[in-house]
Amino acid sequence: MELQKTIEKVWNNRSLLSKTIYCNAIKKVIQLLDDGKLRVAQKGEFGWQVNQWIKKAVILYFPTQKMNKIEVGPFEFHDKIPLKKDYPSKGVRVVPHAIARFGSYVAPNVIMMPSYVNIGAYVDSGTMVDTWATVGSCAQIGKNVHLSGGVGVGGVLEPLQAAPVVIEDHCFLGSRSIVVEGVHIHSDAVLGANVVLTASTKIIDVSGPEQKVYKGIVPSRSVVIPGSYTKSFPSGDYQVPCALIIGKRKESTDKKTSLNQALRTHEVAV
């Protein structure tokens with residue numbers, strides 16, 4: 001609570017950034033994020049709760065840092081935020097050229113193929129971050145999630161009240177799928193290749209006799225593919241992208257089932 005009060009005080013009075021005691025408080029929050037002892041958002045009794053004061057600390061961390069040259073063998077970077085280090089002690093497999101920024105948490109048994117994890121993100125155990133997948137700032141990724149090649153999970157720092165993307169345990173995101181703007185994917189869901197979900201994307205459950213429309217959430221165990229619907233504009237009718245829930249992933253299905261297996265169950269090839 002004292003740390004939270006300190007961050008709120010600096011947030012309301014940026015002149016305090018010139019004082020070491022306040023800068024140290026900000027750095028302590030980032031270190032706790034890096035260690036997984038604090039999270040930007042976590043699941044509580046009444047659903048997922050966002051800790052806005054921690055987001056404030058992440059934003060405040062940038063002006064306290066100076067630009068530095070970072071050299072990794074023949075590679076050179078120029079940035080304010082150092083890279084995450086000491087993966088062997090963390091039990092994380094990191095394939096060149098995977099990068100995670102300091103202030104992100106990557107749990108034991110995570111595999112990072114050449115990919116990127118931004119500050120404030122949380123990646124839980126057993127998750128695969130596949131080639132060229134990106135995990136944006138403050139995004140929350142659950143246990144045993146598979147982010148396939150080229151998946152884009154959006155980040156969020158500002159506007160401050162915006163919620164981060166949440167992907168719960170045992171989800172499978174197909175190649176080149178994109179999840180942004182605080183979309184919440186509940187456990188065991190499967191997204192087909194090229195599914196794009198924003199806060200305004202219609203997510204239409206077509207598995208029953210009548211459609212059911214969601215926005216911003218994918219229910220647990222849903223199998224989702226790209227789709228479109230007709231929308232009228234002044235110049236005529238056009239097809240607008242959406243996402244289609246074509247059925248449910250069976251609870252009896254192995255948690256590590258491939259995307260193709262989940263889609264084959266519903267006789268859909270993507």
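Which residues make a nonpolar surface patch of about 250 Å²? I began my notes with that question. I kept in mind that this is a predicted model.

**Entry 1: the patch.** I found three residues in the patch: Val72, Phe75 and Phe77. I then looked up where Phe75 sits, and it lies in strand 4. I also checked its exposure. Phe75 has a relative accessible area of 40%. I call Phe75 partly exposed because that value falls between the 20% and 50% cut-offs.

**Entry 2: the hairpin.** I followed strand 4 to its partner. Strand 3 covers residues 68-72, and strand 4 covers residues 75-79. The two run antiparallel and are joined by 5 bridges. I looked for the bridge partner of Val72 and found Phe75. Both of these residues belong to the patch. Strands 3 and 4 make a hairpin, with 2 residues between them. In the turn I noted Gly73, which has a positive phi of about 60 degrees.

**Entry 3: the parallel sheet.** I moved on to an open sheet of 6 strands. I read its order as 7-10-13-16-19-24, with parallel pairing. Which strands stand at the edges? They are strand 7 (105-106) and strand 24 (217-218). Each has a single partner strand, so one side of each lacks a neighbour in the sheet.

**Entry 4: one pair inside that order.** I picked strand 10 (residues 122-123) and strand 13 (residues 140-141). They pair in the parallel sense over 2 bridges. For Tyr122, I found the bridge partner Gln140 in strand 13.

Definitions and conventions
Residues numbered from 1 in each chain as written. Predicted model: local features only at pLDDT ≥ 70, side-chain atom pairs only at ≥ 80, totals over all residues. Heavy atoms only, no water. Pairing = 2+ DSSP bridges. Helix = DSSP H or I, 4+ residues; strand = E, 2+ residues; numbered from the N terminus. Patch = residues over 30% accessible without salt bridge, like charges linked within 9 Å, V, L, I, M, F, W, Y side chains within 5 Å. Areas by Shrake-Rupley, 256 points an atom, 1.4 Å probe, with all protein chains shown as cover. Salt bridge = Lys/Arg side-chain N within 4 Å of Asp/Glu carboxyl O. Buried < 20%, exposed > 50% of the residue type's maximum accessible area, 1.4 Å probe, protein only.
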